[in-house]
There are 2 protein chains.
Amino acid sequence: MGTSFGAPSARCRECQSCPLVSDCFPGSLEAGNLHELDGLIEHTAPVHTGSFLFRQGDPFQYISVIRLGTVKTYSIDREGREQTLGFHMPGDILGLSAIDEERHPCNAIALDTVTTCRLPFRVAASLSARMPQLQAKLFRLLSRDIARATQLSCNNSADERLAAFLIGMADRMAARGYSASRWQLTMSRMDIASYLRLAPETLSRLLRRFQAEGLVALDGREVEVRGRERLQAMAAAEADLDQVRREAA
Amino acid sequence: MGTSFGAPSARCRECQSCPLVSDCFPGSLEAGNLHELDGLIEHTAPVHTGSFLFRQGDPFQYISVIRLGTVKTYSIDREGREQTLGFHMPGDILGLSAIDEERHPCNAIALDTVTTCRLPFRVAASLSARMPQLQAKLFRLLSRDIARATQLSCNNSADERLAAFLIGMADRMAARGYSASRWQLTMSRMDIASYLRLAPETLSRLLRRFQAEGLVALDGREVEVRGRERLQAMAAAEADLDQVRREAA
DNA sequence: CGGAAAGTTGAGTGGGATCAAGCCGCGTGG
DNA sequence: CCACGCGGCTTGATCCCACTCAACTTTCCG
């Protein structure tokens, strides 16, 4: 009954590197829990560019974590207009908006080769009753998505939204160990335009102006952030909670 | 040890009518659970028009259910622009967007006299580990808010957004036992305009046109929906999941 | 009452959409 | 090798929806 120090199996090690596990049990995963999760988390085969991870209306089963690649979520209204809802990178969780209706309210499509690991939501729910850290993690993830979606719905100018997008991408790249100042976009201009609620033409002109103003340097899908400070200043109009707090004090 | 049939205390009866409880345990609340919740759920004193339930940056403690009245949530960017995020009515839950950061990302202000009942989130979390129905309810509520915020962020025309707002209000009134075709707005034109990402002047003109077209009849804050069908058709452009499903089939 | 805030109306402007070409990279096939 | 077509992207011209500014009216409250 004492703590066992047996080496974890290959699959267990895989799970330990899986964000769903490592984020929830930072450095403190017990062997018992690990083995339990090992049998439950499924590591999916690669999904190739243009293939769907799920589609609007699909029954909801799994919450997934992206291990590799980029995913775009979007919805289509009945007039055929496509609205990009988000871009998701390794470590991001997919599917949380489907819990309530038990159907996915949007499409998720691979922008490049994507691998995920996933866990049936029912399992996650019942596990989280026994694992407070997992439960807390799920609540926080859900809550964060609310705050994010809310932010996105704000009525800022095209400039502000684009600046926020660029800074957001830079930060997310940095959080994943890449350069914050230079990277490759995985999504098309049209996707970005739709995400920012702009016509593709408008985005093109905006990017051109940003480039002329020395804020960014663009070469196709390669982005170099040159005016981080200024971009941040433009984007921060969105919601700088720290500042709000200071001013309220 | 057998099932007790003792009459519940006054406070327990109060709790049974509280949405946080009745929604989670529809007709099947055990006496033990009831008494337990009784001591945990706090019924707050009335909050009067213009007073805050919480403010942007406040530390997060409670999830609250509105028992009576209407609440507006909004955020303010550093240029002083106010963005209305939502209107919340009896039965709605407040505070879920604050879980992640442990601070409220927005303000919540009473539009009329508001009473709530509330539960420390920590308590709700630990209770939900033992009460699967409560946990499921919380997950669904969080998920629903993601889907709702996402919807709001879509780039529809002013007409579509206004129609969606009117239909949404009608449905929510109906769900609470009021008339779906005639009711009283509790929020100002400015609040609605901000919510719909419109200038107050634009909203005024839109309402005028809707009235001229026989879609609604307005008298100050009194609204009568006359063209439910047409409004619904305009609003449905947003996201008619059922239709998407039919078309995908 | 009177003052302030909310709401409406009008005139003019502008940001972003739309329409229409054109450009460019790329895969395909002759 | 080029011709071709296609989709992604850009550029230009024009349009229109919603914003802004300003004046006025109404409502609310002290």
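Which of the 15 residues around DNA strand D come nearest? They are Arg189(A), Arg205(A), Arg208(A), Glu201(B) and Thr202(B), where a residue counts as near a strand if one of its heavy atoms lies within 4 Å of it.

Before I go on, a word on conventions. This is a predicted model, in which local features need pLDDT of at least 70 and side-chain atom pairs count only at pLDDT 80 or more, while totals for chains, interfaces and linings use all residues. Residues are numbered from 1 along each chain as its sequence is written, chains are lettered from A and ligands numbered from 1 in the order in which they are written, and side-chain values use heavy atoms, with hydrogens and water left out.

Let me stay with DNA strand D. Of its atoms within 4 Å of the protein, 61% belong to sugar or phosphate, and the rest belong to bases. I will quote some polar contacts, meaning pairs of N or O atoms within 3.5 Å; within protein, one atom must be able to donate a hydrogen and the other to accept it, and residues adjacent in sequence count only if both atoms are side-chain atoms. A backbone N or O atom of Ala158(B) lies 3.1 Å from a phosphate oxygen of DNA strand D, and a polar backbone atom of Ala199(B) is 2.9 Å from a phosphate oxygen of that strand. A base oxygen of DNA strand D, for its part, has a polar side-chain atom of Arg205(B) at 3.0 Å.

As for the elements involved, helices (H or I, at least four residues) and strands (E, at least two) are DSSP runs numbered from the N terminus. The surface near DNA strand D takes at least two residues from each of α7 and α8 of chain A and α8 of chain B, and α8(A) gives the most, with 4 residues. By class, this surface has 4 nonpolar, 3 polar and 8 charged residues, with Ala, Val, Leu, Ile, Met, Phe, Trp, Tyr, Cys and Pro counted as nonpolar, Asp, Glu, Lys and Arg as charged, and the others, Gly among them, as polar.

Turning to DNA strand C, the nearest of the 15 residues around it are Ala199(A), Thr202(A), Arg205(A), Arg205(B) and Arg208(B). An N or O atom in the side chain of Arg208(B) is 2.6 Å from a phosphate oxygen of DNA strand C, whereas Arg189(B) places a polar backbone atom 3.0 Å from a phosphate oxygen. Arg197(A) also takes part, with a backbone N or O atom 3.4 Å from a phosphate oxygen of DNA strand C. Two or more residues of the surface near this strand come from each of α8 (200–212) of chain A and α7 (189–195) and α8 (200–212) of chain B, and α8(B) gives the most, with 4 residues.

Arg197(A) deserves a second look. This residue sits in the loop between α7 (189–195) and α8 of chain A, and its phi is positive, about 60°, although it is not a glycine. Arg197(A) counts as buried because its relative accessible area is 8%, the term buried meaning under 20%, exposed over 50% and partly exposed in between, with a 1.4 Å probe and protein chains only.

One helix earlier in chain A, Leu162(A) belongs to α6 (residues 158–175) and is buried at 1% relative accessibility. Beyond its neighbours within four places in sequence, Leu162(A) is in contact (heavy atoms within 4.5 Å) with Leu196(A), Leu203(A), Leu206(A), Leu207(A) and Phe210(A). The C-alpha atoms of Leu162(A) and Leu207(A) are 8.5 Å apart, although 45 residues separate them along the chain.

Finally, the two protein chains. Contacts join 47 residues of chain A to 47 residues of chain B, and the chains bury about 4,400 Å² between them, 60% of it on carbon and sulfur atoms; buried area is the accessible area (1.4 Å probe) that two parts lose on being put together, summed over both. Arg78(A), Phe139(A) and Ile146(A) supply 17% of the area that chain A buries against chain B, more than any other three residues.

How many salt bridges does the rule find across the interface of chain A and chain B? There are 4, a salt bridge being a side-chain nitrogen of Lys or Arg within 4 Å of a carboxyl oxygen of Asp or Glu. One salt bridge links the side chains of Arg144(B) and Asp100(A), at 3.2 Å from N to O.
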